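Welcome! Take a moment to look over the model below, and then let us walk through it together.

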Amino acid sequence: MKLSKEIRTYCATCKKHTVHTASVVSVSRKRGKMSTGERQKSRGARGHGGHGKFSKVPVSRMARRSKTTRKIPVKLACKECGKASQRSIGRMKKTEIKR
Ligand SMILES: [Zn+2]
């Protein structure tokens, strides 16, 4: 779905409807150095014993998922006060901001 670059909606700081600039929030961001799961998995490389749940063939997260779309968070920044907020705009496969 194509979103318009500017949306007129309520701003909680200004306490009225103002023009907001919309941008799609990027979701994937690598956190920290090594997650618990990554540490568990690397223990398997030590040598002794089975690898626990890592002995099985991995099933991708997408295969376990029943839904084919995801909820899209949109970052809305108020043009008057500059305050930004996030809002979900419902389920869709693909989003892009109109030029
Ligand atoms: Zn505002």
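What follows is a short tour of a metal site and a pocket.

Please keep in mind that this is a predicted model.

**The zinc site**

Which residues hold the zinc ion? The protein donors are Cys11, Cys14, Cys78 and Cys81, each through its SG atom, and they lie 2.2 to 2.4 Å from the zinc ion. The angles among the four donor atoms run from 103 to 120°, and the site is tetrahedral. For background, the ideal angle for four tetrahedral donors is 109.5 degrees.

Along the sequence, the donor residues follow the spacing C-x2-C-x63-C-x2-C. Cysteine 14 and cysteine 78 are 64 residues apart, so this pair links distant parts of the chain.

Here is how these two cysteines compare:

| Residue | Where it sits | Relative accessible area | State |
|---|---|---|---|
| Cysteine 14 | loop between β2 (6–11) and β3 (16–24) | 23% | partly exposed |
| Cysteine 78 | strand β4 (residues 70–78) | 4% | buried |

Why is cysteine 78 called buried? Its relative accessible area is 4%, and buried means under 20%. Cysteine 14, at 23%, is partly exposed because the buried class ends at 20% and the exposed class begins over 50%.

**The largest pocket**

Now turn to the largest pocket, which has a volume of about 390 Å³. Its lining includes Gly37, Lys41, Phe54, Pro58, Ser60 and Arg64. Two helices, α1 (36–43) and α2 (61–64), each supply at least two residues of this lining. How do the lining residues divide by character? Four are nonpolar, two are polar and five are charged.

Conventions
Residues numbered from 1 in each chain as written. Predicted model: local features only at pLDDT ≥ 70, side-chain atom pairs only at ≥ 80, totals over all residues. Heavy atoms only, no water. Donors = N, O, S within 2.8 Å, 3.2 Å for Na, K, Ca; no water. Tetrahedral: all angles 85-135°; square planar, octahedral: opposite > 155°, others 65-115°. Buried < 20%, exposed > 50% of the residue type's maximum accessible area, 1.4 Å probe, protein only. 1 Å grid on protein atoms, 1.4 Å probe; cavity = no way out; pocket = protein on both sides within 12 Å on 5 of 7 lines; lining within 4 Å. Points joined across faces, edges and corners; volume = space filled by probe spheres on them. Nonpolar A, V, L, I, M, F, W, Y, C, P; charged D, E, K, R; others polar.
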